[in-house]
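Here is a friendly walk through a few spots in this protein. Have the viewer open beside you as you read.

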Amino acid sequence: MIKSISFFGGVNNNEGKEENGTMRIACKEYNGEKPTSEFVDMGTGTVYYEGSDNLDFTNTDGEQMITYVFNTPYEYKGGCLVLDLLSTTQNVTSESAYVYFEYNRIEDIYQLVSRNEDSPHIEEWAKPNVQFEYTNNTAPLISISRDSRKAVLGYTPVGSVAPIKYVKVRNQGASDLTISKLSGVTAFSLMKSVTIPAGSLDIIGLRYEPNERGSYSEKGLLESNGGNVRLLLQGTTYRQAPYWTQLEVTQEYPLDRLLSDLGAKRDTITALSISGNLTSNDWSTLRNERYSLPSLRCLDLSTSTLPDNYLDQYGLFDYSFFQRLEQFALPSNIQSVNNLFNCTSLTKLILPVGIEDAYNTKFPEQLTNLIIFAPTPPSVNSNDLQYIQKVYVPENRVDVYNNSWEWRNKEILPITDEILGGAWTPGRRTVTIRQDVVYDANNYPKDSLNIKISPDPNKGYPTVSLESDVPLLIDTLILRNELGYRNAYSEDGLYDESESYYSSFINHSVDAKLNVAGYEMQLYPWRWNYLSFPFDVPLADLKIEPISEYDTNPSFIIRYYDGNVRATNGIGDSWKDVVSGDVLKAGKGYIVQTDNRAICSIMSDTEQALHSFMGEQSVKVSLDTHTSSRIEDQSWNLVGNPFPSFFNIHYIEYNAPIVVWNGDGYIALSVKDDDYALRPLEAFFTQKPDEKSDLLFQPAGRQINSYIADQGNLRSSSFFSRRIINLVLKGDTYTDKSRVVINPEARIEYELTCDAVKWMSPKAEIPQLYSLDGSDRRYAINERPEGSGRIALGVYIGKAGTYELALPEGSIGQSVILKDKYLNKEVDLSLKTYSFQAEEGTFDDRFELRLSSGVVTGTEAPEDQQSMAYAQDGNLVVEAPAGISVTVYSYTGVPLISHTMNQSRWSIPLSTGFYLVRIGDHTYKVIMH
């Protein structure tokens with residue numbers, strides 16, 4: 001409900017003198033439309049006031065603020081509210097007079113001005129400073145700016161979805177606004193319902209998903225409980241056929257970085273396609289002499305966008321860079337274009353789907369054919385079309401153009417694939433893919449092409465998949481991976497890998513052909529990367545180069561793991577350098593490190609290499625035997641993922657654990673128990689069981705990302721007779737994990753098929769957790785029978801502080817009792833975590849697991865101890881019922897202190913040493929640190 005409106009206003013004569021006059025105030029509300037002269041007729045609104053303009057007003061710096069209070073508050077229904085404000089002089093005058101309003105920055109307010117008898121028109125440069133006073137109203141109120149009510153969603157092929165277009169929506173009401181649907185459209189839709197709190201700004205996502213070829217312009221009604229708004233939505237299935245060189249601009253990869261990465265290749269580029277949301281900096285980069293692209297003659301921006309009104313402000317063809325272009329496809333959201341007469345080389349021009357105004361465009365003489373993606377004919381001066389002979393328009397809009405007054409005298413033809421590409425595509429093209437693409441029998445490219453799969457941090461992991469019976473011809477396939485920094489900080493997952501991005505290729509077609517393939521890997525300095533290549537790579541063919549011309553030439557080191565040295569000497573001296581002349585063997589693992597940012601690349605056309613990308617069969621990775629007197633040191637192998645994709649370890653036919661590097665240390669994984677996807681090219685350790693000679697990777701395990709779906713159908717019945725206890729050790733910064741598996745069919749001794757020895761982190765500050773057997777062997781995975789139900793736990797503490805032992809979040813089931821033998825405390829980890837303090841060092845005698853076969857319901861807990869004694873912050877702490885006597889003895893039995901409990905807790909400072917504490921009939925050993 002609007003209580004009043006206020007606005008600056010007045011009438012000046014030609015001498016600039018303000019004088020009183022007559023004011024008329026009328027209102028009319030239009031449902032969902034934008035204010036244009038086509039439907040705003042003066043005098044059609046409801047008149048609320050007519051008389052002197054001396055309403056309630058205040059004077060500020062000589063300006064008059066007029067306020068009108070409605071007799072009955074105006075009920076606003078959420079449409080487009082038009083205020084018809086008519087101001088005249090008090091007396092008839094022959095002098096020039098004008099009405100003026102002060103500027104207003106509220107984006108949803110626009111000024112339509114009418115002088116004399118002219119039709120009202122929008123003053124883009126000025127907005128009236130109108131203010132509203134609302135009554136207390138609990139209703140929501142939808143608000144979308146006029147500019148945002150036209151949304152160009154750009155390009156997508158038939159059957160696909162264009163990048164989501166986000167539109168800002170403000171709730172100017174006093175309760176939650178729910179936007180429920182977009183009605184009245186066929187090719188566009190609302191991503192999902194959105195609820196916006198009162199007074200808040202949020203975004204909605206709009207989808208463009210065409211079912212037929214053509215360009216679309218549809219008016220959709222955005223429906224909400226706070227009013228409806230009409231949106232004009234546009235999209236097309238047309239684009240300039242991509243040129244040989246393609247670049248996709250993202251926030252992470254602006255144009256200057258992409259061009260910089262090309263290095264000297266920039267000077268040879270003749271045709272370039274650029275996609276993505278270009279910023280003003282990207283646009284400036286095109287005109288930057290440093291990136292002058294001297295050979296460029298064809299520029300395709302048909303799948304890119306520019307900031308709104310950017311070209312309207314800064315022009316387009318005034319720069320020599322654009323004047324030498326022969327072919328140019330404009331960004332999809334450009335609404336107007338002019339001043340083409342300087343483009344004397346232009347022979348092909350594509351006006352985009354969003355174009356509205358080409359009225360002042362002087363089309364050059366040599367430009368005889370014009371391609372327009374817009375579904376609605378843009379306005380144009382017919383005199384500027386004198387050299388244009390043919391106009392190619394969307395096939396579903398030919399009749400619209402033929403019936404247009406400005407275009408009807410030209411030969412109007414439907415756009416074809418040939419007119420978009422054909423002779424204009426210079427030879428075989430390269431397609432850069434930054435998202436998931438599936439080629440099937442209907443959409444695969446018919447010409448031979450080069451494919452580069454390159455990740456975009458804003459879009460996740462890109463994948464190219466070929467369905468069966470797709471005869472795609474690929475000349476060169478390049479997969480790019482950015483190997484960032486893994487770390488073990490993540491509590492819920494195995495590790496944090498936010499800086500790494502991978503590409504995948506999955507082939508299901510026996511008819512597809514590939515000539516050359518390889519990888520590009522971006523490496524960061526001073527980080528070990530655990531890599532395995534699916535084909536033999538002579539060291540001389542491994543190229544490690546600076547990322548850009550501004551990076552220092554990198555030095556690098558590559559090492560392999562000598563399992564025979566490990567078997568002979570134990571852990572500690574098993575890494576050996578790869579030397580000049582060596583060959584990196586397929587399936588084997590290596591570690592690589594550089595001292596500067598670098599690109600590591602390998603390319604091959606060998607049958608082995610091509611089969612690793614295109615093969616549909618299972619892959620065997622052989623394992624070596626290394627005998628040792630210590631079972632935990634025998635037969636260690638560093639091997640890797642043989643497929644150019646993520647791989648689900650449940651599809652490895654193998655019966656022993658594997659060990660992966662997490663950036664700070666090692667994680668042992670079971671192919672039976674753990675949901676984990678190997679990354680492309682990822683290397684891992686495994687200890688070969690005596691009866692195994694290889695790992696068998698089934699092609700069904702290939703994945704486009706690291707997500708693992710439910711694997712219940714892959715697990716045998718024996719899986720469910722095992723009890724898995726996952727344990728977590730958490731410090732302030734780092735986390736480590738360990739596992740105990742109770743299996744009545746397992747042996748108490750170390751078994752290669754199910755146990756995993758603990759690999760300690762090389763970083764001294766990282767805490768470590770493991771279980772122990774009777775020979776003090778440390779386990780990361782300890783699969784054993786229950787036995788006595790008591791299992792020793794060991795911890796390594798790299799930094800003194802407070803730590804927690806816990807089960808992973810969400811764990812439910814049987815009781816797991818943790819005993820702290822130093823403090824004589826017990827806690828059920830299935831109910832709560834255990835917090836403790838520890839100094840630096842290794843503590844293999846402090847903790848013990850005590851297993852209970854009963855199921856904890858969530859309200860049950862182990863029976864509380866009646867008394868306990870422990871050390872805390874230099875104090876001896878005794879917890880016992882009141883009235884019980886307490887005696888503290890030296891370790892040799894000399895009584896030192898006697899006390900009777902008068903409360904349930906008593907503490908007393910003691911010096912470092914060992915003490916015996918007798919509480920009633922029980923005696924405890926306490927160690928003071």
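Is Trp759 buried or exposed? Trp759 is buried, because its relative accessible area is 5%. Keep in mind that this is a predicted model.

**Aromatic rings**

Trp759 is a good place to start on the aromatic side chains, for which the count comes to 35 aromatic pairs. One of them joins Tyr461 and Tyr502 in an edge-to-face arrangement, with 5.8 Å centre to centre and 75 degrees between the planes. This pair links distant parts of the chain, with the two positions 41 residues apart in sequence terms: Tyr461 is in the loop between strand E35 (449-453) and strand E36 (463-466), and Tyr502 is in the loop between strand E37 (473-483) and strand E38 (504-507). Tyr502 counts as buried because its relative accessibility is 4%.

Phe685 and Trp759 make a tilted pair, with centres 4.3 Å apart and 35 degrees between the planes. Here too distant parts of the chain are linked: Phe685 belongs to strand E55 (residues 683-687), Trp759 to the loop between strand E60 (756-757) and strand E61 (768-772), and they are 74 residues apart. Phe685 is at 1% relative accessibility and therefore counts as buried. Both rings belong to one aromatic cluster, together with Tyr530, Tyr561, Trp575, Trp636, Trp661 and Tyr666.

Two rings have a charged side chain over them:

| Charged residue | Ring | Distance from ring centre |
|---|---|---|
| Arg566 | Trp759 | 4.9 Å |
| Lys825 | Tyr870 | 4.0 Å |

**Two buried charged residues**

Lys825 also turns up beside Asp820, which touches Lys825, Tyr834, Phe836, Arg846 and Phe847, leaving out residues up to four places away in sequence. Asp820 is in strand E65 (residues 814-820), and its 0% relative accessibility is why it counts as buried. Asp820 and Phe847 are 27 residues apart in sequence, yet their C-alpha atoms are 4.9 Å apart in space. A polar atom of the Asp820 side chain also lies 3.0 Å from the backbone nitrogen of Tyr822.

What about Lys150, in strand E14 (residues 150-155)? Its relative accessibility is 16%, and because buried means under 20%, Lys150 counts as buried. Beyond its neighbours within four places in sequence, Lys150 is in contact with Leu232, Gln234, Gln335, Gly354 and Glu356. With Gly354 there is a polar approach: the backbone oxygen of Gly354 is 3.2 Å from a polar atom of the Lys150 side chain.

**A covered helix and a covered strand**

Why is helix H1 (residues 255-262) described as largely enclosed by the rest of the structure? Six of its eight residues are buried, so the description follows. Those buried residues are Leu255, Arg257, Leu258, Leu259, Ser260 and Leu262. Their cover includes strand E22 (245-249), strand E23 (271-277), helix H2 (280-286) and strand E39 (513-523). After H1 comes Gly263, with a positive phi near 60 degrees.

Strand E20 (residues 215-224) is mostly covered, with seven of its 10 residues buried. E20 pairs in the antiparallel sense with strand E16 (residues 177-183) over four bridges, and Lys181 has Glu223 in E20 as its bridge partner. E20 also runs antiparallel to strand E21 (residues 229-236), joined by eight bridges; Glu218 stands opposite Leu233 in E21. E20 and E21 form a hairpin with four residues between them, and Gly227 in the turn has a positive phi of about 110 degrees.

How values were computed:
Residues are numbered from 1 along each chain as its sequence is written. This is a predicted model: local features need pLDDT of at least 70, side-chain atom pairs count only at pLDDT 80 or more; totals for chains, interfaces and linings use all residues. Side-chain values use heavy atoms; hydrogens and water are left out. Buried means under 20% relative accessible area, exposed over 50%, partly exposed in between (1.4 Å probe, protein chains only). Contact means heavy atoms within 4.5 Å. A polar contact is a pair of N or O atoms within 3.5 Å; within protein, one must be able to donate a hydrogen and the other to accept it, and residues adjacent in sequence count only if both atoms are side-chain atoms. Two strands pair if DSSP finds at least two bridges between them. Rings of Phe, Tyr and Trp (its six-membered ring) pair if their centres lie within 6.5 Å; planes under 30 degrees apart count as stacked, over 60 as edge-to-face and the rest as tilted. A charge sits over a ring if NZ of Lys or CZ of Arg is within 6 Å of the ring centre and within 35 degrees of the ring normal.
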